[in-house]
Amino acid sequence: MIQNTPWLFLLLPLVVAAINWLCFKKCACMAATLSILSALATFGMCVAYLMGWQTGTPDTYTWMPALTEGMPSLSVGLLMDPLAMRMMLVVTGIGLLVHIFSLGYMKGDTSNHARYFTGLSIFMFSMTAIVLADNLAMTFIGWEMVGFSSYLLIGHWFEKASAADAAKKAFITNRVGDFGFLIGILLTLTVFGTISFGEMGGKAAAIAPAVLTATIICLFCGAVGKSAQFPLHVWLPDAMEGPTPVSALIHAATMVAAGVYMLVRLQVSMGEAAFTDTACTVIATVGAITAVLAALMAVQQDDIKRVLAYSTLSQLGYMVMAVGLMAGEAAMFHLYTHAWFKALLFLGAGAIIARCHHEQDIWKMGGLTKRMPLTVICFLMGTCALIAIPGFSGFFSKEAILDAALAKNPTFFWVGAGVAALTTFYMARLCLVAFCGEARAHGAAEAKEAGPTMLLPLLLLAVMAIISGYGFVADALVPFEGFHAHGFALGLPFYVSMGSLVLGLLLAYLVYGLGKRKQDPLAGNALSTALRKRLYIDEFYDKGLIALIQGNAARVVEFIDNAGIRGILTLGGAWLIGKIGKLLTWFQGGVLRRYAVVAALGALLFLLLIASATFTH
Amino acid sequence: MTNEYVSALYTWGQFTPEFALVALAALILMADCFVPQISKRVYPIVAAAGAFIAAFFMGQTSPFGMIACVTTALVLLLAYDYRKVTCASVGGAGVEEGTTELYSLLLVACAGVCALAEARDIIMLFVSLEVVTLSSYVMAGYFRRNQGSIEAGVKYLVLGALSTGLMVFGAAWYYGTTGSFMLSAELVHSLFTCPMVELQTGFFLAVGLLLLGAFFKAGAAPMQIWIPDVYQGSPTPVSAFLAVASKAAGFAVLAAILVPFSRLYSIHPEKVGIIVTSLAVVAAVTLLVGNLGAICQNNAKRLLGYSSIGQAGFILVFFTNIGTPGMMEYVVGYLVAYMLATTAAFYAIAMVRTQRGSEEISAFRGLGKTNPRTAFLITVAFASLAGVPLTYGFLAKFYSFASLVEATHYQSGLIWLLPFMIVGAAVGFYYYFKVLREMYWEKPQDGDKPLNVPVITAAVLTGCAIAIIWLGTEPLIFVAQ
């Protein structure tokens with residue numbers, strides 16, 4: 001029994017979700033307590049395992065055994081290597097803090113809190129399934145389940161049309177990526193002969209590179225959807241319609257990073273040989289494009305959460321680029337530091353929003369430093385980490401990615417440096433506008449310090465945002481086997497990133513001053529409008545692609561449906577089958593003599609058939 | 001035929017459950033006759049308990065016997081809930097006189113199936129089969145105030161006589177060509193390796209005639225002809241018994257005849273391939289007749305009659321794979337799936353009949369509104385019959401398809417059976433869902449009160465639904481038996 005303790009990681013949140021849903025629908029306080037306790041318990045277990053507590057290898061539950069030789073079995077098992085367990089620490093740690101923060105954030109909100117906490121528990125269960133999965137099938141189940149819980153939580157305020165639409169958009173956009181992912185899993189099964197991570201190693205060498213490339217790119221499609229990479233990035237900014245703690249947990253720290261985690265997991269188990277040059281180039285390029293586009297769009301956003309959302313996109317692009325450059329270690333390092341500081345930024349933004357009467361426009365804030373200094377200081381810590389000021393965690397991980405890029409492909413290095421400058425610029429813009437100067441609106445003028453349930457997670461995350469990059473923490477906690485923080489040297493990458501940092505800060509100061517401006521001086525021109533309109537990509541999807549498909553392709557399909565399927569197959573088939581059925585039942589008309597004749601004739605035919613073999617002798 | 005021959009095949013001890021069942025049946029008859037103080041309600045419960053105990057012991061020796069015992073027990077419990085109709089159709093409304101024999105007969109028939117499942121020669125096979133058949137004739141016509149029931153009894157008797165005649169004829173041919181009544185692989189093997197080829201013609205004829213007898217019980221074409229009328233006319237508990245326990249008996253006979261061919265077929269498929277081909281033809285016709293015939297039925301019991309023919313077609317497919325050892329486990333698995341769903345369906349029909357006075361499918365109208373929980377349980381049963389994934393019925397059908405694929409390893413031509421199976425499975429969705437449509441899409445009529453679900457019916461429906469879903473999500477159960 002003891003060796004199966006790790007299954008509690010999965011079962012606790014699942015059971016809590018079930019109990020909350022079945023028993024405490026009306027009792028929000030019980031539901032919240034249970035959810036928080038389960039998050040606390042899984043976090044505690046995770047810490048214990050990382051400290052060296054051992055319970056042996058957990059049993060694997062085989063649902064469908066291999067029916068014939070060479071077929072894989074379908075099973076659910078736990079893979080508890082350092083990559084997974086340290087990732088679990090990030091998930092459960094941030095999960096716990098977000099649960100606690102939610103208590104304060106949701107206070108005064110009239111929606112059903114029990115439903116909210118149930119959603120959080122379902123999410124914790126699904127995310128754990130992805131992290132601990134020992135095969136791709138289980139990953140896929142978790143993959144779909146996080147999509148589902150994300151749908152529930154984005155649409156938590158479903159009375160608001162925009163929230164309901166955003167939930168749908170997230171779900172449907174992910175479907176596109178998941179379709180590719182599923183094909184990728186089937187391809188993996190075909191070419192590797194297994195979907196279990198433990199058995200993939202060393203098989204890549206014997207497989208044709210073209211096939212490998214196709215497999216990896218299909219699997220990458222899953223990451224494009226879940227980690228919101230270009231061209232499927234459109235759902236993430238809209239997902240900000242959900243409650244802010246949800247954005248922090250799901251749409252910044254954990255779920256959207258699952259794509260990166262999955263890719264690194266594949267890199268580790270398939271071996272680096274599996275990632276052909278072509279596949280790597282595709283992955284790195286998609287990551288780089290996402291990083292640049294998202295950073296550009298972030299520059300002209302006014303909604304504090306949207307700025308952070310585009311920033312998340314851009315940072316995810318960074319990580320994916322690192323994966324494409326075969327620097328899984330750097331990618332996971334950045335994933336881990338990013339999880340802490342981005343969760344901090346989102347929760348900070350959540351606290352600010354909650355205290356400004358749910359105002360999200362930075363141009364209607366201002367002067368917040370005086371009114372809620374602690375929150376603002378925490379937020380600034382997160383900002384420092386994000387824009388990679390030396391000494392903060394983000395600096396170390398960004399440096400690791402830039403190092404890897406310079407070694408592999410200098411183009412990506414310069415792209416990374418450019419994105420770093422943009423990052424500094426838009427974050428400095430956000431801080432200058434929202435925190436300095438005077439309050440520009442009624443809500444900001446009445447803001448006051450956040451309450452303890454909100455402040456405590458902020459403070460803890462701020463500590464992590466500062467220290468998590470240093471070797472003594474990172475070596476123990478970065479989700480990568482044998483991770484070792486490199487002592488960094490003064491070299492080209494350092495000078496360039498310092499350059500982009502100073503450049504970004506300087507530009508932001510020149511444009512926005514110290515918060516004295518009432519509106520954005522950059523707004524109004526064509527470029528700014530384009531950036532505000534997300535480079536028209538969403539519009540193109542809505543009016544171009546979807547209209548084209550629904551307008552024309554749908555008409556063709558409708559014709560086939562009506563004439564071919566409904567007309568000939570369904571109605572015709574039903575008519576034919578019905579007639580045969582009538583004919584057959586004619587024999588069953590209830591007349592005993594007819595029955596006897598039919599049976600006797602049938603018996604005779606059967607005997608003739610069975611004896612026919614000997615006639616031919 | 002000497003005593004040594006018999007004692008080499010059987011021991012007295014192995015028939016203990018059968019003797020106990022018959023003794024219980026006799027005891028119930030005696031008590032009913034001589035101790036009139038005992039309430040007549042006690043008997044079905046006592047008989048059911050006895051059948052459950054027998055099921056436990058049969059489970060260790062013969063899975064077919066166990067299925068029969070469990071079914072009999074459930075049918076007896078169903079008969080308890082169905083007393084009101086039984087009384088009205090036998091002695092007049094409210095008169096419980098003369099209802100007890102039904103329970104005794106069920107026990108005797110059950111003992112017949114159990115003995116049959118352990119038969120290893122044709123004499124035992126025939127005698128125990130006749131025990132089942134004879135008691136079934138009486139049970140089918142048990143509702144003597146009900147014209148339909150009497151008609152069912154007579155039809156069953158006449159057509160059953162035809163089948164018995166064919167079987168006896170087959171037994172004679174069997175003895176004539178082999179000089180033995182033994183059903184053994186050695187006998188089959190020696191017959192097909194001896195130089196006297198003429199004997200084989202007679203042997204094929206013998207096996208063909210015996211198979212026809214088995215088809216009658218199992219409900220396979222061309223001997224399925226009695227099923228719709230008899231199921232519709234018989235008392236509902238008896239229909240349930242015929243549909244499950246009696247059908248299990250048919251497949252036990254089929255297994256007893258065909259399993260001896262297993263080894264020879266796996267080595268020399270060409271020698272006895274014609275048997276498998278004929279079985280495939282029978283399976284195809286059965287699938288068509290059962291499933292297509294069900295489409296235009298409006299009576300729920302008649303629908304289940306056609307359904308039982310269609311399901312028998314899927315079970316026959318397993319027998320085309322006789323070359324593979326372990327094939328019988330799949331037959332048993334399918335029968336269990338079929339038993340759970342069909343018994344639940346008959347419980348539902350009995351409940352609707354008792355309270356709404358009709359066995360038409362339309363009597364299920366609006367149950368989704370008036371009795372949502374019961375409607376859900378009925379939905380599970382019919383979904384399993386149709387083969388919806390995550391029910392046991394799906395896995396059973398899945399393995400039926402898989403075994404056809406496996407059977408093509410011996411005779412590649414058999415794949416032509418596949419389209420018939422696909423049509424059968426697809427059409428099944430249409431007619432099983434007729435009941436669901438009635439429950440959820442039709443509104444309750446004025447004056448339709450919610451059904452009052454009896455305790456036993458509720459328990460059995462719940463138990464079946466849980467078992468269907470649990471087994472349906474555990475594919476290992478099927479494989480690891």
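Chain B of this predicted model has a mean pLDDT of 90, and 97% of its residues reach 70 or more. Confidence varies from element to element within chain B, as the table shows for the two extremes.

| Element of chain B | Residues | Mean pLDDT |
|---|---|---|
| Helix H15 (highest) | 300–319 | 95 |
| Helix H22 (lowest) | 475–479 | 65 |

Where pLDDT is low, the coordinates should not be read in detail. For the complex, the predictor gives an ipTM of 0.89 and a pTM of 0.75.

A good place to start looking around is helix H14 of chain B, residues 269–294. With 26 residues at 1.5 Å a residue, helix H14 of chain B should span 38 Å, and the 35 Å between its end C-alpha atoms agrees with that. Follow H14(B) along and you will meet a kink of about 30°, centred on B:Ile275. Of the 26 residues in H14(B), 19 are buried, so this helix is largely enclosed by the rest of the structure.

Next, the nonpolar cores. The largest one has 204 residues, and the residues with the most contacts inside it include A:Val260, A:Ala322, A:Ala331 and A:Leu461. Helix H13 of chain A (residues 328–355) gives the most to this core, with 19 residues.

To see how such residues meet, try A:Ala331: leaving aside residues up to four places away in sequence, A:Ala331 touches A:Val260, A:Val264, A:Met319, A:Ala322 and A:Val323. Apart from this core lies another, of 194 residues, with B:Leu106, B:Ala109, B:Val131 and B:Ala252 among them.

Technical notes: Residues numbered from 1 in each chain as written. Chains lettered and ligands numbered in written order. Predicted model: local features only at pLDDT ≥ 70, side-chain atom pairs only at ≥ 80, totals over all residues. pLDDT = per-residue confidence, 0-100. Helix = DSSP H or I, 4+ residues; strand = E, 2+ residues; numbered from the N terminus. Expected span 1.5 Å × (residues − 1). Bend = angle between axes of the 7 residues up to and from the residue. Buried ≥ 20, exposed ≤ 12 C-beta atoms within 10 Å, placed from the backbone. Core = buried A, V, L, I, M, F, W, Y, C linked by C-beta atoms within 7 Å. Contact = placed C-beta atoms within 7 Å.
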